[in-house]
Amino acid sequence: METRANYVLIGAFTLVVAVALLLFGLWAAKYSSERSWQRYMIVFDEAVTGLSVGSPVQFNGIAVGSIERLSLDPDDPRRVVAIIRADATAPVKTDTRAKLAITSLTGPAIIQLIGGTPGAPLLATVDKRDPPVIATSPSALQNITDTANRIVERLDQVLSDDNVAHIASTLENLDRISGSMAAQDQGMEALLVSARDAARSLDATLQTTNATVQRVDQNLVRELPGLIERLDSTLARLDSAAGNADAILGENRAAINNFANEGLAQLGPTLTELRGLIRDLRQISDRLESNPSRFLLGRDAPKEFEPQ
């Protein structure tokens, strides 16, 4: 009996130690899991087509976690809430942004984390919400969709019923114009011939004008030295005449001053007397013309005899 009791004690002790080790391992694994991962929330304002629970999360192209849950925002069903689990050592900063991306043209959609400056603090240390929220930026898929929607809207405006009618009318007008031009083909040909002849005449005129200008330039260059010499001679003569006039004025400055002071003062009375003389002469001329005999003989002219 004593031997069996020892075996029971040893077995019980072994079982207790195994259970304790298993519990310790589970606690250690849970503690390690909680310390190795960080949960974040991302709110998208666009459709997340192709995204599912378990889809990878990348940071600048490196896998750092996965998506734990996807759901619609109960306050705004246009928004999608994604809960992700990322490596706790991933440097998710306050200026880190999340966006949708695809790994290839036919690959699944993923969440791509981008940005984060070295001086920015870690998001988990600043945002005390559980979990912290990573801001989003428009994805390339959303930009392509928006651009395609704008293009389609503009095409709808361009291809409206009124514009289509205008285009059809314009095409009809072009058809009529082309038909008129085909009917006036001979007239257009004659016009082109006349324009070609006029261009030839203009070219000949320009050549003649160019030759004339060249001859004028050559004659001018040839005669220019003689003209310059004659101009120099004329300027020298003018300079000499100016010098002589200055000398004459210098020599007769006293007489000129005397004439200006005395002669001009006497010029006024002389002009007055000359004006009176002219008036008297005009009166004598009038009398002589009206009655010359009386003026010359001092009596009236004899009257002519008229027979009875």
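**Exercise 1. A loop residue and its neighbours**

Task: Leaving out residues up to four places away in sequence, find which residues Asp-73 touches, and decide whether Asp-73 is buried or exposed.

Solution:
- Step 1. Once residues up to four places away in sequence are set aside, Asp-73 touches Arg-79 and Val-81. Keep in mind as you look that this is a predicted model.
- Step 2. Now place the residue: Asp-73 sits in the loop between S3 and S4.
- Step 3. The relative accessible area of Asp-73 is 13%. Buried means under 20%, so Asp-73 counts as buried.

**Exercise 2. Laying out the sheet**

Task: Work out in what order the strands of the open sheet lie, and which strands stand at the edges.

Solution:
- Step 1. The open sheet has 7 strands, in the order S5-S6-S2-S3-S4-S1-S7, and its pairing is mixed.
- Step 2. S5 and S7 are the edge strands; each has a single partner strand, so one side of each is left without a neighbour in the sheet.
- Step 3. Strands of a sheet pair through backbone hydrogen bonds, in either a parallel or an antiparallel way.
- Step 4. S1 and S4 run antiparallel and are joined by 8 bridges. With S7 (residues 133-134), S1 pairs in the parallel sense over 2 bridges.
- Step 5. Check this at residue level. Ile-42 has Ala-82 as its bridge partner in S4 and Ile-134 as its bridge partner in S7. Gln-38, in turn, stands opposite Ala-86 in S4.

**Exercise 3. Into the nonpolar core**

Task: Find how many residues the largest nonpolar core has, and which element gives the largest share.

Solution:
- Step 1. The largest nonpolar core has 22 residues. Those with the most contacts inside this core include Ile-42, Val-92 and Ile-134.
- Step 2. Elements giving two or more residues to this core are S1 (37-44), S2 (56-59), S3 (62-72), S4 (80-87), S5 (96-102) and S6 (109-115).
- Step 3. S4 provides the largest share of this core, 4 residues.
- Step 4. Select Val-92 and ignore its neighbours within four places in sequence: Val-92 is in contact with Tyr-40, Phe-59, Leu-113, Leu-122, Leu-123 and Ile-134.

**Exercise 4. A patch on the surface**

Task: Find which residues form a nonpolar patch on the surface, then classify Ile-284 by its accessibility.

Solution:
- Step 1. The patch is formed by Leu-271, Leu-274, Leu-277, Ile-278, Leu-281 and Ile-284, which together have about 530 Å² of accessible area.
- Step 2. Ile-284 belongs to helix H6 (residues 253-290).
- Step 3. Ile-284 has 40% relative accessibility, so it counts as partly exposed.

Notes:
Residues are numbered from 1 along each chain as its sequence is written. This is a predicted model: local features need pLDDT of at least 70, side-chain atom pairs count only at pLDDT 80 or more; totals for chains, interfaces and linings use all residues. Side-chain values use heavy atoms; hydrogens and water are left out. A nonpolar core is a set of buried Ala, Val, Leu, Ile, Met, Phe, Trp, Tyr and Cys residues joined through side-chain atoms within 4.5 Å. Buried means under 20% relative accessible area, exposed over 50%, partly exposed in between (1.4 Å probe, protein chains only). Contact means heavy atoms within 4.5 Å. Two strands pair if DSSP finds at least two bridges between them. Patches are made of residues with over 30% relative accessible area and no salt bridge: like charges are joined within 9 Å, nonpolar side chains (Val, Leu, Ile, Met, Phe, Trp, Tyr) within 5 Å. Accessible areas come from the Shrake-Rupley method with a 1.4 Å probe; for residues, only the protein chains shown count as cover. A salt bridge is a side-chain nitrogen of Lys or Arg within 4 Å of a carboxyl oxygen of Asp or Glu.
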